[in-house]
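Open the model in your viewer and keep the selection tool at hand. We will go from one selection to the next.

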Amino acid sequence: MRTALIGYGLGGAAFHAPFLATAPGLTLSAVVTGNPGRRDEVRARYPDAEVIPSVDELLRRAGEFDLAVVTTPNRHHAAHARSALEHGLDVVVDKPFAGSAAEARALVELAEERGRRLVPFHNRRWDGDFRTVGKLLREGALGDVHRFESRFERWRPEPKGSWKESGDPADLGSIVYDLGTHLVDQAVALFGRPTEVYAEVRTLRRGARAHDDAFLALTHRGGTISHLWASALAADLGPRFRVLGDRAAYVKHGMDPQEDRLRAGAVPGGADWGAEAEESWGTLSGTPVETERGAYQDFYAAVAAGGTPVAAADAVTGLEVVEAAFESARSRQTIPLPDQSH
């Protein structure tokens, strides 16, 4: 599949391009960026990929491509995805999938009308620790899970001032749209659509304009409660996962190693890709459990094979949860979710 990567910031450079360039069945044919420095980076690392200066030029030449991957700033995700679908391309869209659940549903309807694939990029489903949680659940090692705790916490007391921390609501800079969408997606993937949402969403750091601290509680139909934390002001990091069942508990600290390797410029693949050091393994009621291999490459392998590794409907559900979280934080009430998307 001839692939055009739209955007080459951190997401494009670390989480998309390395896999588009190495996945069997995909070709990184073009990268869209108007930034001179990033243009030079693309040409140095991917000399066979054409650099296209604008999305408009890409769309004029849409017939030369099969797949568009949207990893521009958050406020442009839905618009760029819509344009690519209208020009006959399959589309992968980085998170957040859209700015609202209604906007997301409209994208899904357009993709269905045009007969194109529309795939949310929720690569964190292929984190090794998350895959380990899924394996333990499938094996019944935890018994019935009554509480699922999940955290993306950082210690960044000084705001960076990037668009991700913008106070303009259109920029979707809230930590709930950033780290929170991953946490919500993982909870939905494991336990299904929540029936109600409670949230606390705050801006804590001096000079910060966007939300930088959030707690969400999701009640799932089966009785499991997901407690989700996202924070840029955590001077002591809690466990990445703490999953409590009536038979055992799984506790895991630290982050999946794939991100650090990708940020450092590693090429995915090889015998040790996604492997985690033994000292970082989680424990099952005190007994170390080997972490499953992280496998971000499996997302694009599925796309190349004609599949949809993450359902667009899941991204719609995720945004409904996000909207309910904001409403809950404003009203200080628990917000019910309808039984299904409309």
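Select Gly 11, Gly 12, Ala 13, Ala 14, Phe 15, His 16, Ala 17, Pro 18, Phe 19 and Leu 20: these are the buried residues of helix H1. The model is predicted. Helix H1 spans residues 10–20, and 10 of its 11 residues are buried.

Next, select residues 130–250. The UniProt record, an unreviewed entry, lists this span as "domain: GFO/IDH/MocA-like oxidoreductase". Its end C-alpha atoms lie 11 Å apart. The span is 19% helix and 33% strand.

Now show the strands. Nine of them form an open sheet with mixed pairing. Follow the order across: E14-E13-E12-E11-E7-E10-E9-E8-E15. Which strands stand at the edges? They are E14 (287–289) and E15 (335–336). Each has a single partner strand, so one side of each is left without a neighbour in the sheet.

Color helix H7, residues 179–191, which packs on this sheet. Helix H7 touches E7 (145–153), E8, E9, E10 (225–231) and E11 (241–245). Its direction makes about 160 degrees with that of E7.

Zoom in on E8 (residues 194–202) and E9 (residues 213–220). These two strands run antiparallel and are joined by eight bridges. Pick Tyr 198: what stands opposite in E9? Ala 217 does.

Last stop: helix H10, residues 312–331. Helix H10 lies across E8, E9 and E15. Check the angle against E8: H10 runs at about 55 degrees to that strand.

Technical notes
Residues are numbered from 1 along each chain as its sequence is written. This is a predicted model: local features need pLDDT of at least 70, side-chain atom pairs count only at pLDDT 80 or more; totals for chains, interfaces and linings use all residues. Side-chain values use heavy atoms; hydrogens and water are left out. UniProt positions are given in the numbering used here, feature names are shortened, and annotations may be inferred rather than shown by experiment. Helices (H or I, at least four residues) and strands (E, at least two) are DSSP runs, numbered from the N terminus. Buried means under 20% relative accessible area, exposed over 50%, partly exposed in between (1.4 Å probe, protein chains only). Two strands pair if DSSP finds at least two bridges between them. Contact means heavy atoms within 4.5 Å. Axes are lines fitted to C-alpha atoms, for helices over the stretch in contact, and angles run from 0 to 180 degrees between N-to-C directions.
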